[in-house]
Amino acid sequence: MSERTYLDHNATSPVRPEARAALLDALDATGNGSSVHSEGRASRAALETARLRVAGLVGADPRGVVFTAGGTEADTLALTPDFQRGEVPLTCDVLLTTAVEHAAVLRGHRFAPDNVEILPVDNRGRLRLETLEAALERHQAEGRRVLASVMLANNETGVIQPVAEVARRVHAVGGLVHTDAVQAAGRIPVSLPALGADLISISAHKLGGAPGGGALIMADPDLRPAPVFGGGGQERGRRAGSENIPAIAAFGAAAESAAAAVESEQRRIHALRERLEDALRSVFPELVLLVGDVDRLPNTSSLSLPGVPAETIVIALDLAGLSVSAGAACSSGKVATSHVLTAMGVPERIARSAFRLSFGWSSGDEDVDRALGVFRRVLPGLLRRRAAA
């Protein structure tokens, strides 16, 4: 097969060289981080170094970092009714979240269904703050404490949510705020203090770490969500089980590398995306850019070729050497329209033809050039098939 072009970093990003090196070094080590002998202390040192690096990515206190197996577990750990602040119980009565969250939030939370309220978004995929305000007033009047979970950036469209404003309003009524920053961390500057969130979820493999690493980070290290499962006292009693030191070491290395260059990389990746989008829309005016006029991640393009099924587009591009993702989820041989695009009110004909391009740390100008070549070879045939259908 000829050289391939990978534009699916929002699904997973290639492992950075420094993360690979940290992973291999940790695999060569023997000790359990909970052991007191020399090997155990070496593993503990690697663990705590990674904790410092991951905390540094979002400007957090390292004591608030809880390592998990990924972003999904981090979200599930965060989204519980039961917290403690120090030794004082803190109960959240209702979960407020948005219609465009990742399934890890919409299906991974630990609230009873009757205690979850899904808030709508506008046609650009942004939370309607007036709806949030009305919900907060209603729950405050009923004496219910709110936990709000609003993603920082959407995985399908890249749209950035007003998390700082959400946090200001939720805190004004005594609630807590969680944000899923899995897609944002390492791609745009992320500051937990600036966001004002109480909890933030991030994932290693989205920013060039190894799969199997994630973290839930508390702004206040004394805030403790109820554990997902019981066991040992690892992670200060917040997440049982021997830590996955190789994945965590790789996570720390990737986080440090991403943090060191996040602003310059943001500009570089944005330029690549803009060049590709401009060229595609110039050559193929039939393509629809779904969220071109709203603040979004610099690496993400959500496009549609109306009338051509998304899976047909993805397969045709894949066979020609270009990896992208569909904007619709495939399950059991059936294609379901994206819940994100449905919540935005995107017409079904456009939504069912949506696909996503996403750049990352390893992307370069040559990827744009090769991708444009693939589109020029593939899309005319798809358009002819559409016209003949």
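These exercises work through a sheet, a helix pair, a pocket and the cavities of a predicted model.

**Exercise 1. Give the strand order of the open three-stranded sheet, and find its edges.**

Step 1. The order is β4-β3-β11, and the pairing is antiparallel.
Step 2. Check which strands pair on one side only. These are β4 (88–91) and β11 (223–225), the edge strands.
Step 3. Add the twist. From one strand to the next it averages 30 degrees.
Step 4. Look at how β3 meets β11. Strand β3 spans residues 82–85, and three bridges join it to β11. Here Phe83 stands opposite Pro225 of β11.

**Exercise 2. Describe how helices α2 and α8 cross, and sort the residues of their contact.**

Step 1. Locate the helices. Helix α2 covers residues 38–57 and helix α8 covers residues 245–260.
Step 2. Take the geometry. The axes come within 8 Å and cross at roughly 35 degrees. The crossing is left-handed.
Step 3. List the contact. From α2 come Ser43, Ala46, Leu47, Ala50, Arg53, Val54 and Leu57. The α8 side includes Ile245, Ile248, Phe251, Gly252 and Glu256.
Step 4. Sort by class. The contact holds 13 nonpolar, two polar and two charged residues.

**Exercise 3. Characterise the second largest pocket by volume and lining.**

Step 1. The pocket holds about 180 Å³ of space.
Step 2. Its lining has 14 residues. Nearest the centre lie Gly71, Thr72, His102, Val182 and Lys206.
Step 3. Trace the elements. Helix α3 (residues 71–78) supplies the largest share, three residues.
Step 4. Sort the lining. It divides into four nonpolar, seven polar and three charged residues.

**Exercise 4. How many cavities of 30 Å³ or more does a search of the whole structure find? Describe the lining of the largest cavity and of the second largest.**

Step 1. The search finds two.
Step 2. Start with the largest cavity. About 150 Å³ of space lies in it. Of its 17 lining residues, Arg16, Gly186, Arg187, Gly360 and Trp361 are closest to the centre.
Step 3. Find the contributing elements. Helices α8 and α9 (262–283) each give two or more residues to this lining. The most comes from α9, with three residues.
Step 4. Sort this lining. Seven residues are nonpolar, six polar and four charged.
Step 5. Turn to the second largest cavity. It holds about 30 Å³ of space. Glu73, Leu77, Pro227, Val228, Phe229, Arg238, Arg239 and Ala240 line it.
Step 6. Sort again. The lining of the second largest cavity has five nonpolar, no polar and three charged residues.

Notes
Residues numbered from 1 in each chain as written. Predicted model: local features only at pLDDT ≥ 70, side-chain atom pairs only at ≥ 80, totals over all residues. Heavy atoms only, no water. Pairing = 2+ DSSP bridges. Helix = DSSP H or I, 4+ residues; strand = E, 2+ residues; numbered from the N terminus. Axes fitted to C-alpha atoms, helices over the stretch in contact; angles between N-to-C directions. Left-handed = near helix turned anticlockwise from the far one by under 90°. Contact = heavy atoms within 4.5 Å. Nonpolar A, V, L, I, M, F, W, Y, C, P; charged D, E, K, R; others polar. 1 Å grid on protein atoms, 1.4 Å probe; cavity = no way out; pocket = protein on both sides within 12 Å on 5 of 7 lines; lining within 4 Å. Points joined across faces, edges and corners; volume = space filled by probe spheres on them.
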